[in-house]
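Visitor: Please show me the structure, and let me ask how its descriptions are justified.

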Amino acid sequence: MMTKTILSVNNVSKKFGKYKAIDNVSFKLQKGDIYGLIGSNGAGKTTIMRLITQLSPLKVGTIELFEQKIDQQALKHVGAIIETPASFNKLTVKQNVTLAAIQRGINDKQRIIQIIDFVGLDKKINTKAEHLSLGQKQRLGLAIAILPEPDLLILDEPINGLDPSGIIEFRKLLLKLNQEKQITILISSHILTELYQVSTRFGFIYNGQLIKEITKQDLDNVNQSGLLLTVDNVSKAAQIIDEKYQNKFTIVDDNNILIHSFNINSSELNKQLIMEGVSVISITKQEKSLEDYYTNLIGGVNDAKSIKN
Amino acid sequence: MMLNQLRTDFYRLSRSWGIYITLAVTIAYSIVIIVNNTVGGIMVTSDSMKSLDSNSVWTLKDGLNASTLSSSLLMYLFIAIFVITIGYEFSQKTYKNTLVSGITRFQFIISKYLMILLNIFVMTLVYFFTAIISGVITGRKVGMSWGNLLTQTLNHSIVIAFFISIVFGIAILILLATSSVVISSIFIVVFPVIISVLNNIVQWTWLKYIDFFTAAVKISLKLIPNSQLWNYVWVSLIILFVTMFLSIVIIRNKEL
């Protein structure tokens, strides 16, 4: 199946005075992607999003939306929450969404109610925006952003300020938008566990540079978790695991095997291996997360820089 | 898109208490002028009325002239229109939603200016019609034909709204350059005062062309000869054009 490119960022750089906020960044979003932009505060995530939405003038590089050079017309098909969600404080939830509908030329009043329901603000429909909690304001921002049924949704740190249940609901909402409405999403956050749960691809930004792109599948392969066995005879141990447990495993090196499961009784496994004449040096749980990957990646970049210097 | 933006601003303004308060004060101000037979406003005295050959008991025509002389205060009242129409977009950062809706920067600036102009015009019209209605209720004579009175009311409203809008157009430019609603609002307050003070101190003759409010009153009351009328109009139009052009250039190159 041919994949359709929704967003293409090509060799984009941005300077603020002498400070290089974005340095030759390129990446693409295919239809259906949930692309997680990962980076620390000040890494350049917001600047990239501001460049895409033209809130920041683009001077170096090109950005294409729907395979055409970006312009205001193309932004009609984009919904965005950049930095903080914006709404008119003195207007109610319904009035704010209605305002966005008029602005986008949408006359369907039923859709306004549906969107408010969809983001879970139906009980706050007549509440003024100034009286909403931060989480509710995020939802209102999302309602305004998704109202025009955009092809691309750009969300800058959307889970900031949400309580744990709000985060879970927001995550469900994003997955629902992606799966039910086929909306491609570009999302940034410094809460990596959350990004991991929703994203299908990741881009790591460090000091304005996109240092790594990886799909979730590849990340999971690199970042494998499970039981790590250290033994004296790897080939024999592998044979026993294959016969007795039928679990997926990887021979890491001459002494280590990683079983991709935590659902194995480790003492039973230990007993089996010893009975078959394999010396077990250790059995440890190996859990790796997006955080670990990120830390290693950033550590690697820093090491490379220090070697270069 | 521009029409959608005008509709959006109309929807928002019609749900803003600030607009209704401004309207109420405008009406009250007009009633006070007519009922008390007094002129108000900035640097306007009762002597100004004498120069217009007014009667001791005002006719509706005198009331219209008095309202015109007193209309300098309207500019201060109408700051609310400026703040609600475009100021809030920047103070509440909702321009982010507006500018990602598909509208061009050109359409954004022009639609904001047009919405301000339209509001000023409607409010000014209400101000003059209140003066006429107040005069009728207090039993004043018309002082001229009804047809002429209504035509003059419309003309005065157009002229005053246009010239006030030039100052607001410059205020839009200042808002975009400084991102400060306070600075741009202060500009609207001090601009006529600075022009008057400069007029008294340096007496540059060309200052009269940018003394928009005095020009509006003089044109309305036909105190400017026809031969000079178009000089005022052209200068104002050129300033408006340059202001809008610079506003568009700034917003296109601004980190929003």
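Visitor: Leaving aside neighbours within four places in sequence, which residues is A:Thr47 in contact with?

Guide: They are A:Lys14, A:Phe16, A:Ala21 and A:Ile22; contact means heavy atoms within 4.5 Å. This is a predicted model, in which local features need pLDDT of at least 70, side-chain atom pairs count only at pLDDT 80 or more, and totals for chains, interfaces and linings use all residues. Residues are numbered from 1 along each chain as its sequence is written, chains are lettered from A and ligands numbered from 1 in the order in which they are written, and side-chain values use heavy atoms, with hydrogens and water left out.

Visitor: Why is A:Thr47 called buried?

Guide: Buried means under 20% relative accessible area, exposed over 50%, and partly exposed in between (1.4 Å probe, protein chains only). A:Thr47 has a value of 13%, and is therefore buried.

Visitor: What makes A:Gly44 buried?

Guide: Its relative accessible area is 7%, so A:Gly44 also meets the definition of buried. A:Gly44 is found in the loop between β3 (34-38) and α1 of chain A. Not counting residues up to four places away in sequence, A:Gly44 touches A:Ala21, A:Ile22 and A:Ile205.

Visitor: How far apart are the C-alpha atoms of A:Gly44 and A:Ile187?

Guide: They are separated by 13 Å, although the two residues are 143 residues apart along the chain.

Technical notes: Helix = DSSP H or I, 4+ residues; strand = E, 2+ residues; numbered from the N terminus.
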